[in-house]
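Dear colleague,

I am handing over the structure below, together with some notes on what was found in it. Please read the notes with the coordinates open beside you.

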Amino acid sequence: RTKTQNFCRNEYNLTGLCNRSSCPLANSQYATVREEKGRCYLYMKTIERAAFPRRLWERVLLSKNYEKALEEIDENLIYWPRFIRHKCKQRFTKITQYLIRIRKLTLKRQRKLVPLRRKIERRENRREEKALIAAQLDNAIEKELLERLKQDTYGDIYNFPIHAFDKALQQQDAESESESDAEKEEDDEDVDKREFVEADDSDLSDFEDMDKLETSSEEEQEEEEEVEKKASHSKSKGKSPLKGPARRKRPYIEIEYEEETEPTTKTKAA
Amino acid sequence: AGDGGGPAGSAAEGGGLPAPQRVLFPPTFSVSEIKNKQRRHFMFLRWKQQQRKEKLAAKKKRRKEREALGDKAPPKAVPKTIENQRVYDETTVDPNDEEVAFDEATDEFAPYFNRQTVPKILITTSDRPRGRTVRFCEQLSTVIPNSHVYYRRGLALKRIIPQCIARDFTDLIVINEDRKIPNGLLLSHLPDGPTAHFRMSSVRLRKEIKRKGKEPTEHAPEVILNNFTTRLGHSIGRMFASLFPHDPQFIGRQVATFHNQRDYIFFRFHRYIFKSEKKVGIQELGPRFTLKLRSLQKGTFDSKFGEYEWIHKRREMDTSRRKFHL
């Protein structure tokens with residue numbers, strides 16, 4: 001319903017608007033163009049057949065050729081009022097245009113609308129949430145990364161060869177020489193670490209190593225495993241508890257520089 | 001007489017004492033037989049409290065027994081999870097299976113895994129992408145190295161594919177969009193490779209993720225594929241792996257994760273840093289989304305004549321809650 005005009009609901013209407021001049025019911029002589037299954041027909045209604053509702057609308061098939069069809073309309077509606085002829089031709093034009101458009105669109109890929117099922121959608125969303133919670137992604141990723149670190153996929157980039165270092169220690173005897181070697185080694189690596197990992201938390205890792213250094217130099221080899229466990233345990237607890245003992249030990253860690261002996265231990269460890 | 005006396009007695013009790021310590025409940029009546037809603041509710045609460053007490057007492061007893069036994073105590077019962085109860089899938093891949101290894105050596109991804117081809121990815125959308133999808137495409141292209149985003153402009157996929165192959169692309173990603181959000185992903189390995197169609201959900205762009213990281217750099221990220229156990233899962237996993245360059249640059253410290261859990265594949269992109277040997281910190285950057293596999297086709301994208309290796313059939317496959325396919 002536009003501001004000034006109504007729409008006509010009659011299917012035989014020519015213009016679509018509800019006026020006196022374009023109502024098929026109000027006019028006894030009327031014509032329309034309608035299309036069915038892609039073919040256009042001209043429907044005509046004359047006053048002589050007003051008494052026979054079944055035969056009221058006469059149907060003429062229009063040719064597929066646009067100009068020929070226009071001529072056909074003309075010759076069928078030859079003595080009819082100008083308004084109806086004109087509007088019929090306009091309507092026919094519009095119909096052919098939209099038929100062409102339909103044919104063009106069907107050639108292109110059409111968007112297929114698949115209806116969602118609400119219950120299923122809800123079920124899927126809920127399952128997704130639960131799966132997300134069950135997945136514990138952060139933990140899984142961290143575990144995987146640590147696994148890769150252990151399996152040495154990163155090669156020499158990260159200087160945490162603590163396990164290897166301890167293994168090398170265990171291979172040797174519990175002598176002060178080996179310990180001093182260890183200290184020297186650690187010292188070297190600490191120096192390396194300081195250079196390389198500038199942007200990282202180098203301080204903490206240094207102190208952790210110093211911590212290890214201190215404890216390993218103090219205790220004997222049999223107790224090393226315990227120390228390892230204890231150190232790793234305290235490490236895994238979190239940063240802040242670790243900072244405590246590290247800070248406590250900080251003032252009195254002394255780096256003892258011994259003579260360089262057996263540089264091969266480094267390669268063994270690596 | 002017993003039934004008559006029971007409710008009456010309990011009603012009297014209910015009216016008088018709010019929460020008695022010792023409640024005699026063995027009478028034959030059940031809580032649901034009381035007609036009065038208020039009293040019934042009250043009796044039910046009391047029954048629940050008693051159940052909880054009994055449970056607590058049982059737990060304490062069990063704990064004492066366990067402590068008393070010390071080392072000889074039976075191992076703790078593992079709670080049942082869906083992953084534990086999962087219906088065993090006969091296509092589960094055994095890591096040492098030779099047949100699988102042979103298949104993988106000869107399938108379409110073999111050239112990638114043999115380092116013969118370098119992945120080059122084309123990302124595109126469906127017609128007329130809206131802003132969110134466009135931004136998502138851009139972010140995805142920063143995540144995946146050597147990828148290009150092209151607008152669709154109404155081109156048929158079947159015609160794009162030969163052109164892509166001519167220009168040496170190895171993979172094609174089409175992000176389908178509906179109502180301004182991306183909701184589908186089509187991943188097609190180009191030189192005649194399998195095509196996987198996923199449904200994408202819960203897409204978060206970079207600015208929506210709560211983190212304070214910068215953008216992903218140009219380094220090739222590492223790839224983590226978790227939990228792809230069955231044959232189907234394995235092939236999908238290889239498909240994902242073939243998107244990324246085979247040699248990750250560890251300097252970049254970036255990792256892209258595809259984690260499969262209960263048939264949902266979660267994608268995350270993180271930057272990691274090793275704080276110590278036993279601790280790693282990760283920071284999420286990059287978009288995140290979840291995928292659910294809908295179908296896997298043998299050849300490239302062809303919806304009518306393609307040969308489907310696997311389609312998700314809801315009626316048959318969603319019947320059991322413990323059965324997963326990936």
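In what sense do β10(B) and strand β11 (residues 308-311) of chain B pair, and over how many bridges? The pairing is antiparallel and is made over three bridges; before going further, I should say that this is a predicted model, and that everything below is to be read in that light.

**Around β10 of chain B**

Strand β10 of chain B, which spans residues 288-297, is mostly covered, with eight of its ten residues counted as buried. Besides β11(B), with which β10(B) pairs as described above, strand β5 (residues 195-204) of chain B is joined to β10(B) by eight bridges, the two running antiparallel. Strand β8 (residues 264-274) of chain B is likewise antiparallel to β10(B), and four bridges join the two. If you wish to check the register, His197(B) stands opposite Ser295(B) in β10(B), and Ser295(B) in turn stands opposite Ile311(B) in β11(B), while Phe266(B) is placed opposite Thr290(B) of β10(B).

**The sheet of chain A and its helices**

In chain A, three strands form an open sheet in the order β1-β2-β3, with antiparallel pairing. Because β1 (30-36) and β3 (57-61) of chain A stand at the edges and have a single partner strand each, one side of each is left without a neighbour in the sheet. Neighbouring strands of this sheet are turned against each other by 25 degrees on average, with direction ignored. Between β1(A) and strand β2 (residues 39-45) of chain A there are seven bridges, and these two strands run antiparallel; within this pairing, Val33(A) has Leu42(A) in β2(A) as its bridge partner.

Helix α1 (residues 66-76) of chain A packs on the sheet and touches β1, β2 and β3 of chain A, its direction making about 10 degrees with that of β2(A). Helix α2 (residues 82-107) of chain A lies across β1 and β2 of chain A, and runs at about 10 degrees to β1(A).

In the loop between β2 and β3 of chain A you will find Thr46(A), which counts as buried because its relative accessibility is 17%, under the 20% limit for that class. Leaving aside its neighbours within four places in sequence, Thr46(A) is in contact with Ser28(A), Leu56(A) and Trp80(A).

**Salt bridges**

The count of salt bridges comes to 13 over all chains. One of them joins Glu36(A) and Arg59(A), whose closest N and O atoms are 3.4 Å apart; as Glu36(A) lies in strand β1 and Arg59(A) in strand β3 of chain A, the pair ties together parts that are 23 residues apart in sequence. Glu36(A) is partly exposed at 38% relative accessibility, and Arg59(A) is also partly exposed, with a relative accessible area of 46%.

The side chains of Lys89(A) and Asp74(A) also meet in a salt bridge, at 3.3 Å from N to O. Here Lys89(A) belongs to helix α2 and Asp74(A) to helix α1 of chain A, so that the pair ties together parts 15 residues apart in sequence. Lys89(A) counts as partly exposed at 26% relative accessibility, as does Asp74(A) with a relative accessible area of 30%.

A further salt bridge, at 3.1 Å from N to O, is made by the side chains of Glu222(B) and Arg148(A). This pair crosses between chains, from strand β6 (residues 222-226) of chain B, which holds Glu222(B), to helix α4 (residues 137-150) of chain A, which holds Arg148(A). Glu222(B) is buried, with a relative accessible area of 2%, and Arg148(A) counts as buried at 18% relative accessibility. In addition, Glu121(A), Glu124(A), Arg199(B) and Lys292(B) are linked in a network of salt bridges.

**Two aromatic residues of chain B**

Phe169(B) is found in the loop between α6 (157-166) and β3 (171-178) of chain B, and counts as buried at 9% relative accessibility. Residues up to four places away in sequence not being counted, Phe169(B) touches several others, among them Ile121(B), Leu122(B), Tyr150(B) and Leu190(B).

Phe44(B), by contrast, lies in helix α2 (residues 37-69) of chain B and counts as partly exposed at 36% relative accessibility. Together with Leu45(B) and Trp47(B), Phe44(B) makes a nonpolar surface patch of about 260 Å².

With best regards

Definitions and conventions. Residues are numbered from 1 along each chain as its sequence is written. Chains are lettered from A and ligands numbered from 1 in the order in which they are written. This is a predicted model: local features need pLDDT of at least 70, side-chain atom pairs count only at pLDDT 80 or more; totals for chains, interfaces and linings use all residues. Side-chain values use heavy atoms; hydrogens and water are left out. Two strands pair if DSSP finds at least two bridges between them. Axes are lines fitted to C-alpha atoms, for helices over the stretch in contact, and angles run from 0 to 180 degrees between N-to-C directions. Contact means heavy atoms within 4.5 Å. Buried means under 20% relative accessible area, exposed over 50%, partly exposed in between (1.4 Å probe, protein chains only). Patches are made of residues with over 30% relative accessible area and no salt bridge: like charges are joined within 9 Å, nonpolar side chains (Val, Leu, Ile, Met, Phe, Trp, Tyr) within 5 Å. Accessible areas come from the Shrake-Rupley method with a 1.4 Å probe; for residues, only the protein chains shown count as cover. A salt bridge is a side-chain nitrogen of Lys or Arg within 4 Å of a carboxyl oxygen of Asp or Glu.
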